[in-house]
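The following exercises are to be worked with the sequence and the coordinates at hand. Each task is followed by a solution in steps.

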Amino acid sequence: MEKIVINGGKPLYGEIEISGMKNTALAVIMGSLLIEDKCVIENLPDISDVSTSFQILEHMGASVRKINKTTYEVDNTRTKGGISPSELVRKMRASYYLLGAELGRFRYANVDQQGGCWFGERPIDQHIKGFEALGGKFEISETTGYYNIDAPDGLKGTHIFMDLVSVGATINTILAAVKAEGTTIIENAAREPHVVDLSIFLNKCGANISGMGTNIIKIKGVQKLHGCTYNILPDMIEAGTYMTIAAATGGSLKIKNVIPKHLESITAKLMEMGVEVEELDDTIIVSGTGTLNKANMKTQVYPGLPTDMNAQMCVLLCLVKGGTSYLTEGVHENKYRYCEELRRMGAVIKVDGRVAAVEGKGILTPAVVKAVDLRAGVAMVIAGLAAKGKTEIEDIYHIERGYEDIVNKLKKVGADIKKINVPDPYQYEIAN
Ligand code: EPZ
């Protein structure tokens with residue numbers, strides 16, 4: 001079993017290079033299934049979800065060539081639909097983009113149900129609303145449990161008003177609509193940067209999408225798409241995570257390859273807490289100032305404070321000296337499983353539904369903790385970097401789904417951190 005071991009309690013100083021955005025990468029890779037041609041995708045993060053995505057496409061007949069650490073060429077000319085490998089599909093939530101891509105290309109989709117982080121109910125009713133509005137017939141197979149969508153009469157452009165803002169449903173509907181007959185309008189669409197990035201990628205391949213980044217997106221169906229070379233956005237959540245690390249350790253980090261505009265909600269909240277933030281063109285410098293003010297915050301859809309920053313900001317609130325801060329989760333049903341792990345480190349957090357009341361104890365103490373999901377896992381890293389002494393983090397595979405080379409990136413800025421392999425204490429040889 002692999003663990004991360006941190007000897008924390010010291011300020012970190014130096015430069016961090018931000019990698020490509022996980023949630024864009026997964027949408028673009030799965031979206032490339034629509035294109036019966038070669039696509040070159042640049043600035044991909046070296047994370048397990050990216051390799052899982054390419055393995056799925058390869059299993060379906062795509063040819064994938066790694067050009068360098070961050071650049072892959074994928075050719076979906078010979079990719080077949082309906083045969084994605086269940087054990088890989090169930091490793092992440094973004095597998096559900098196969099539904100929109102298969103439906104958009106083959107007028108038929110057959111994919112096992114997706115996996116991913118558990119935050120309570122994460123239904124796909126809005127995805128289904130988009131598919132059915134375009135003419136797809138959705139069902140769950142009684143024999144395999146797979147999602148099945150069939151559009152025997154093809155896909156026709158339509159007007160869809162999403163009941164709620166959903167990144168996944170917006171992206172999946174775009175994927176299904178790009179080659180539909182006629183024009184599709186998606187109202188109450190998600191405005192996240194990765195929705196914009198996916199749309200620009202598809203437009204570079206010949207699609208006709210406009211309005212991305214607003215809550216009304218128009219897709220004019222086209223007959224054919226062609227390959228392209230596309231460089232994906234830097235990861236705003238990875239950047240926000242390192243911003244929080246600078247604040248939590250009281251050091252100063254120069255975080256490069258960012259788009260400051262995407263980080264505005266995080267920057268604003270950190271400055272409200274007394275953290276120094278300096279914005280340059282594609283760099284942001286974050287410095288602790290010795291004090292952290294208590295603050296209330298609510299995660300929301302973009303451009304609000306991202307829900308994927310909930311756990312990281314909670315660690316920071318634990319380090320405030322005095323008072324109580326209130327953290328409200330505005331997107332997912334239950335984002336607070338990580339609080340149990342933080343309590344092992346001395347945190348005093350009362351969770352009531354979507355609201356966490358965080359006592360400003362001013363310190364966290366070392367412990368053995370678990371990564372319960374991707375962002376909760378990286379929050380344990382932040383807590384370990386802030387706590388004086390040795391913290392051990394188990395189940396670190398969650399972290400490696402979304403953070404490229406986090407141990408070395410942190411070592412470079414002075415962290416005493418390492419990844420170790422230990423025999424699983426509960427592993428026992430069954431006597432033969
Ligand atoms: C994407 O998940 C991200 N994942 C999540 O990031 C992120 O937390 C989320 O968007 C919100 O920004 C990927 O991009 C792979 P949603 P997604 O559909 O698309 C409800 C990470 O840490 N909902 O915007 O699944 C849903 O339950 C991951 O990188 C419905 O009710 O999120 C949630 O409460 C974790 N019905 C809310 O909407 C639907 O049909 C927002 O979900 C769809 C969603």
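## Exercises on a predicted model

**Exercise 1. Cysteines**

Decide whether C314 is buried or exposed, and determine how far its sulfur lies from the closest cysteine sulfur.

Solution. The model is a predicted one. Step 1: the relative accessible area of C314 is 0%, so this residue is buried. Step 2: the closest cysteine sulfur belongs to C318, at 4.7 Å from that of C314, which is too far for a bond. Step 3: a pair of cysteine sulfur atoms must lie within 2.5 Å to count as a disulfide. A search of the whole structure yields zero disulfides. Step 4: C205 likewise takes part in no disulfide, and the nearest cysteine sulfur, that of C228, is 3.4 Å away. With a relative accessibility of 0%, C205 is also counted as buried.

**Exercise 2. The ligand and its polar neighbours**

State how many residues surround the ligand, and identify the atoms of R122, D125 and Q126 that approach the ligand.

Solution. Step 1: the ligand is surrounded by 24 residues, and the closest are R93, Q126, S166, D308 and V331. Step 2: R122 places a polar side-chain atom 3.3 Å from a ligand oxygen atom. Step 3: the side chain of D125 has an N or O atom 2.8 Å from a nitrogen atom of the ligand. Step 4: for Q126 the backbone is involved, with a polar atom 2.7 Å from an oxygen atom of the ligand. Step 5: the ligand taken alone exposes 820 Å², of which the protein buries 92%.

**Exercise 3. The pocket and its shell**

Which elements give two or more residues to the shell around the ligand, and which element gives the most?

Solution. Step 1: the space that the ligand takes is the largest pocket. Step 2: two or more shell residues come from each of α1 (22–31), α5 (125–133), α6 (167–177) and α12 (374–386). Step 3: the most is given by α5, which supplies three residues.

**Exercise 4. Helix α4**

How many of the residues of helix α4 are buried, and which are they?

Solution. Step 1: helix α4 spans residues 97–106. Step 2: nine of its ten residues are buried, and the helix is thus mostly covered. Step 3: the buried residues of α4 are Y97, L98, L99, G100, A101, E102, L103, G104 and R105. Step 4: after α4 comes R107, which has a positive phi, near 60°.

Technical notes. Residues numbered from 1 in each chain as written. Predicted model: local features only at pLDDT ≥ 70, side-chain atom pairs only at ≥ 80, totals over all residues. Heavy atoms only, no water. Buried < 20%, exposed > 50% of the residue type's maximum accessible area, 1.4 Å probe, protein only. Near = heavy atom within 4 Å. Polar contact = N/O pair within 3.5 Å; in protein donor to acceptor, adjacent residues only side chain to side chain. Areas by Shrake-Rupley, 256 points an atom, 1.4 Å probe, with all protein chains shown as cover. 1 Å grid on protein atoms, 1.4 Å probe; cavity = no way out; pocket = protein on both sides within 12 Å on 5 of 7 lines; lining within 4 Å. Sits in = over half its atoms within 2 Å of the grid points. Helix = DSSP H or I, 4+ residues; strand = E, 2+ residues; numbered from the N terminus.
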